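Please open the structure in your viewer and keep the sequence beside it. The tour below proceeds by selections, from the whole assembly to single residues.

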Protein chains: 2
Amino acid sequence: VNSAQKNYEQLHHISRHARILMGISSLLDWDQETHMPPSGAGIRAMQLETLAGIIHEERTSKKFANALSKLIDIKTGHIVDKHMTAPKIAALREWRRDYIRETALPRRFVEELAKLSSLAIVAWRDAKQHNSYYRFAPFLDKIVTMCRKKADFIGYKEHPYDALLDQYEHDITTKDVSKLFSALRKSIVELLKKISQAKQEDDGFLFGKFSQDKQLEFGKKLLLDMGYDMAKGRLDLSAHPFSSSAHPTDSRVTTRIHPTSLVSNIFVILHEGGHALYEMGLPTESYGSPLGESISLGMHESQSRWWETRIGQSKPFWHYYLPLLKKQFKGKLDHVSLDSFYKAINKVEPSFIRVEADEVTYTLHVILRFELERSLIEGNLSVKEIPDAWNAKMKELLGITPKNNAEGCLQDIHWSMGAFGYFPTYALGNLYASHLFLAFAKDHPDWQQRVAAGELAFIREWLSQAVYQHGRRYSSKELLKKVTGKAFSADAFIHYLTNKYSEIITKP
Amino acid sequence: VNSAQKNYEQLHHISRHARILMGISSLLDWDQETHMPPSGAGIRAMQLETLAGIIHEERTSKKFANALSKLIDIKTGHIVDKHMTAPKIAALREWRRDYIRETALPRRFVEELAKLSSLAIVAWRDAKQHNSYYRFAPFLDKIVTMCRKKADFIGYKEHPYDALLDQYEHDITTKDVSKLFSALRKSIVELLKKISQAKQEDDGFLFGKFSQDKQLEFGKKLLLDMGYDMAKGRLDLSAHPFSSSAHPTDSRVTTRIHPTSLVSNIFVILHEGGHALYEMGLPTESYGSPLGESISLGMHESQSRWWETRIGQSKPFWHYYLPLLKKQFKGKLDHVSLDSFYKAINKVEPSFIRVEADEVTYTLHVILRFELERSLIEGNLSVKEIPDAWNAKMKELLGITPKNNAEGCLQDIHWSMGAFGYFPTYALGNLYASHLFLAFAKDHPDWQQRVAAGELAFIREWLSQAVYQHGRRYSSKELLKKVTGKAFSADAFIHYLTNKYSEIITKP
């Protein structure tokens, strides 16, 4: 073992220690959303604050900086050892990027934000439940102030929102997102217009009374079919579904069951399962280094949306699963044809809740949040103006007005978590998934036949090769280019949507 | 605020930080026993190891030592400020004791033991399930070696086991325990002889088929009746029931349901509930200082055994609850009188499982473990000899022989946790409970009538005043003396047992 190798291992060792603590922090978050007694919220906030402080300290410690400096020049990014392998060089660059961003934030600030957001989540849940925006507003106000401060700490060239975006998707600026979103908005509004003029399927059979236990059972089966390993995870219920991973061997998902909606839980399972498969598929030997981590939130979302929309809302998928669903809910879907079912689950209709939105209007929900966040961070919108601004944007983009804040600006958990800059990654996820799908469909021209026959394992296998195994070896854009041979753009997504819906609305 | 006050607050602040981390560690233990996916065991061990290292570092840090030294001389125990209040003086002495014990152990040792025991718990569970001692033996061997090393690190005057005992009950030596246990053994064996010559109640009606859901529901009701606050805790299932507290506002309990035993779950609930009430009753403003902590494991166990045996196995308790139990399990107990029920749940019979043992034979189970542990730590017994030694002792003390190791030496989780020195506190708990009960019965001469009328709140209120509120202000012996006016001895317990069973066996 040469000294560069030894130094690399030492760096990995130090970094792994912090990563383990981050996993503990995830578990505390998971427990908070699933099992924590309500009065435990105060001590939980202190626990998360304490861990955040220690993690920050470790990630910005002299010990870490020294270990890193032996391998890469922190100022210039110059790699010290010329014989270092390409994956390790990539890891060092990512470690350096993380270090620079982390050191920009004072420890006290990190602790305070962790504590505030843990308490704000509780306040948000309460506010949403009681449809009372003003129970949440004071917390949100503090969070916006801290996020603006955070942007200042991190620094930015053009727009403070760039600094926040960079936390979740580092290759992209506010300008890029604005440009991408205005193109998307144009195509989507056009498509939406066409769709609204066509006659759509009556999706009434998707609603009614569906046993919670049977729904959960069906969801579990899907999760297993996708390749989710129950020995390395578990499925629980929570108000806002999420996936949470401490390690590839402990990656948990949650869902929620609407007793009157047949497919809501199914798409949640496919979505969260997609996230979890990514985490479970990361190389364990690289755990604690960038090569053992997911690339970005956008890429993570591409994995969840892949399973939820590209697979789960496809016709071949239901060719196989509809008969099973009919069996699970005897008497409920007896006369529903595959074609009707497929059209019903793909029905397009402006609605209030982002996570329940169809593929076409979904992006408009994201655009709404992005535009509000940008204004909040710029200081051109105040927290007390949010409900009105939300409703106005909703009207403008989707033509509808929420009847209350619970189904309006209080619907998402993200702001309570202090996760400003996060929402755009949801739209990017769709774009990335469709871009990646170009290569998948090329490698597996028979994918529709195989899925229709109930095969799913080959999909996970393909994603593992294309995405999971690399960790942060490549940036999102690099990976998309490498896998498909084509530079990333929104084209694949727009093309997919347009094609899919042209077929749906023109076929009688 | 004078400077001593400020220094005290600073010390409390540093100490609270470590306490918060210890609470996180408890939550990880809780999750491991209730919800963790099986393959998560490896990363969980690393998480516990990591936390143990950080906690140890904080509790032995220069920063902590400096803050402590400003208030108490670490070498001599001399209190610096003469005007310090008595509770604070007590806190400083306890902090100093903890510090001295903690600094005796090297960080690497603490981390290794935490990791080893997390893995050993998994191996133990597997070994127990498959009744294969040899799956567990290699882990136990390492644990015994580490515990002997631990005793050497901590130091002792007479016996290495003294050092281990001191972790859980600091006022007592191996010699004291041996003496106490030989007196107990004598009285119990005598009593057992008398009982075995009498005709006991046929307890057949306690066994049969009892719906798990209904059992759990009844258990929950009892827990609430005791005064357990579900907003500050929760009830789950686990293989080995336990209570786990991160803070008075997050104190959880678990139980397990035997589908064929009616009362097993009930006594588990009363037991774990008793532990949890102690934790929930500790003063939150002192959280993170000795005044916010329980005195010792013995005192903790006095609280669980108080509810399980002194209340839950009393006749007044069942005067109120038997009708409710009959209602819960309609048709199962219709012709069972209070007297029969009371005698049945107090039936004395040598049996294999400690946690299922009656009040009379229970202590013999503890004596067995104490004697084996003492030999193991002395080096006079090897791990591979345990099954035979266990069975021989079982024969000697209880006159029976387990048919396999699962119901013999593999039954308890403690050794896998590295908790040598822990078992004697179970017997002490019974003794403490009975000693405390002298004062309770004096303060509440009508306790039997009140309990028979379904009142329980006054019991918790009394315990809160007598025990909970003081934290570690007094040692076990000091508290027992203070509350009852009498020096601690085994007399109250022996007297109680003898009286109770004389009545049971002589009444026709």
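Helices (H or I, at least four residues) and strands (E, at least two) are DSSP runs, numbered from the N terminus. The model is a predicted one, in which local features need pLDDT of at least 70 and side-chain atom pairs count only at pLDDT 80 or more, while totals for chains, interfaces and linings use all residues. Residues are numbered from 1 along each chain as its sequence is written, chains are lettered from A and ligands numbered from 1 in the order in which they are written, and side-chain values use heavy atoms, with hydrogens and water left out.

**Stop 1: chain A as a whole**

Select chain A and colour it by secondary structure: 20 helices and 3 strands appear. Its radius of gyration, taken over C-alpha atoms, is 23 Å, close to the 23 Å that the globule rule (2.2 Å times the number of residues to the power 0.38) gives for 508 residues, so chain A is as compact as a globular protein of that length. Along the principal axes, the C-alpha atoms fill a box of roughly 70 × 50 × 45 Å.

Next, colour chain A by accessibility. A residue is called buried under 20% relative accessible area, exposed over 50%, and partly exposed in between (1.4 Å probe, protein chains only). Of the 508 residues of chain A, 60% count as buried. A contact means heavy atoms within 4.5 Å. Among the contacts in chain A with a separation of 6 or more, 73% join residues 24 or more positions apart.

**Stop 2: both chains**

Now display chain A and chain B together. A rotation of 180° with 0.0 Å of shift along its axis superposes chain B on chain A, with an RMSD of 0.0 Å; the fit is by least squares on the C-alpha atoms of residues with pLDDT of at least 70 in both. The two copies are thus related as by a two-fold rotation axis. The same surface serves both copies, since 100% of the contact residues of chain B recur in chain A.

**Stop 3: Asn131 in each chain**

Select Asn131(A), in the loop between helix H5 (107-129) and helix H6 (133-154) of chain A. Most residues other than glycine have a negative phi. Asn131(A), although not a glycine, has a positive phi of about 50°. It is partly exposed, with a relative accessible area of 35%. Then select Asn131(B), which also has a positive phi of about 50° and is partly exposed at 33%.

**Stop 4: helix H18 of chain A**

Select residues 457-466 of chain A, which form helix H18. Which residues here are buried? They are Phe458(A), Ile459(A), Trp462(A), Leu463(A), Ser464(A) and Ala466(A). The buried residues of H18(A) pack against helices H11 (297-311), H16 (424-443), H17 (447-452) and H19 (476-484) of chain A.

**Stop 5: His170(A) and Ser476(B)**

Move to His170(A), in the loop between helix H7 (160-168) and helix H8 (174-197) of chain A. His170(A) is partly exposed, at 23% relative accessibility. Leaving aside neighbours within four places in sequence, His170(A) is in contact with Glu94(A), Arg97(A) and Ser475(A). Measure from its C-alpha atom to that of Ser476(A), 306 residues apart along the chain: the separation is 8.8 Å.

Finally, go to Ser476(B), in helix H19 (residues 476-484) of chain B. Is Ser476(B) buried or partly exposed? At 3% relative accessibility, Ser476(B) counts as buried. Beyond residues up to four places away in sequence, Ser476(B) touches Glu169(B), Ile295(B), Ser296(B), Met299(B) and Tyr432(B).
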